[in-house]
Amino acid sequence: MASQRSWPSLGPGMKKPARFPTPDLIMAGLVALLVVILTPVSTLLVGLLTLRHQRSRELRETRRAAYVEWLIAARRLPYWDEEQPPAGVVKVANQARKRELNDLTAELHILASPAVIQAVNHYIDFVAREDLASQMGGPFKNADEMTDAFGFATSEVRRRVVDAMRADLGVTGVPPEFV
């Protein structure tokens with residue numbers, strides 16, 4: 001006589017195990033798979049975005065430092081010749097200051113936007129004019145008076161350079177009287 005095997009009793013309310021996965025089990029597996037895949041991908045993306053932002057900030061700071069250095073050199077461009085009687089005579093630039101401004105301009109050609117380069121080149125063309133010293137007036141009593149006259153004579157082209165530099169750096173809201 002053949003014995004029949006019977007399934008053990010599952011108890012009240014228990015169902016027979018299914019042969020195929022249920023939809024709930026499939027969804028749980030898909031969610032786990034998505035978590036396993038998306039966690040490293042999102043970590044990588046956040047890291048790349050952070051590096052890009054950091055690189056952008058470093059480049060902006062490098063440009064800002066180069067812009068400030070160029071503006072200082074442009075302000076020091078005129079010099080006072082103490083040896084000319086009776087008072088000093090203004091000269092737009094001596095060789096050392098021209099060289100310094102030229103070197104800084106070359107650096108800007110690497111770092112700056114085309115708008116900044118155009119404004120800087122216009123400034124250099126303006127101060128290289130032969131009639132600039134005569135436009136400034138004179139004779140001057142001292143170097144401060146001469147520097148003020150140079151600043152006034154170059155204020156419009158210098159403002160264009162500063163505006164282009166500010167736009168390149170994303171600086172807004174600075175009153176024009178601080179140029």
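Start by selecting helix 1 (23–75) and helix 6 (residues 155–169), whose axes come within 10 Å and cross at roughly 170°. The model on screen is predicted, local features need pLDDT of at least 70, side-chain atom pairs count only at pLDDT 80 or more, and totals for chains, interfaces and linings use all residues. Residues are numbered from 1 along each chain as its sequence is written, and side-chain values use heavy atoms, with hydrogens and water left out.

Helices here are DSSP runs (H or I, at least four residues), numbered from the N terminus. Axes are lines fitted to C-alpha atoms, for helices over the stretch in contact, and angles run from 0 to 180 degrees between N-to-C directions. Helix 1 and helix 6 are therefore roughly antiparallel to each other (angles over 145 degrees).

Now show the side chains between these two helices. On helix 1, pick Arg60, Arg63, Arg64, Tyr67, Trp70, Leu71 and Arg75; on helix 6, pick Arg158, Val161, Val162, Met165, Asp168 and Leu169. These residues make the contact (heavy atoms within 4.5 Å). By class, there are 7 nonpolar, no polar and 6 charged residues; Ala, Val, Leu, Ile, Met, Phe, Trp, Tyr, Cys and Pro count as nonpolar, Asp, Glu, Lys and Arg as charged, and the others, Gly among them, as polar.

Keep helix 6 and add helix 3 (residues 114–127): the axes of this pair come within 9 Å and cross at roughly 165°. Helix 3 and helix 6 are therefore also roughly antiparallel. Among the residues that meet here are Ala119, Tyr123 and Phe126 in helix 3, and Val157, Val161 and Met165 in helix 6. The residues of this contact divide into 10 nonpolar, 1 polar and 3 charged.

Select Tyr123 next. Not counting residues up to four places away in sequence, Tyr123 touches Trp70, Ala74, Phe150, Thr154, Val157, Arg158 and Val161.

Tyr123 also leads to the largest nonpolar core, which has 27 residues; Trp70, Leu108, Tyr123 and Met165 have the most contacts inside it. Such a core is a set of buried Ala, Val, Leu, Ile, Met, Phe, Trp, Tyr and Cys residues joined through side-chain atoms within 4.5 Å. Helix 3 gives the largest share, 7 residues.

Finish at Asn121, also in helix 3. Asn121 counts as partly exposed because its relative accessibility is 29% (buried is under 20% relative accessible area, exposed over 50%, partly exposed in between, with a 1.4 Å probe and protein chains only). Leaving aside neighbours within four places in sequence, Asn121 is in contact with Thr105 and His109. The C-alpha atoms of Asn121 and Thr105 are separated by 8.3 Å.

Technical notes: Angles under 35 degrees count as roughly parallel, over 145 as roughly antiparallel, 65 to 115 as roughly perpendicular and the rest as oblique.
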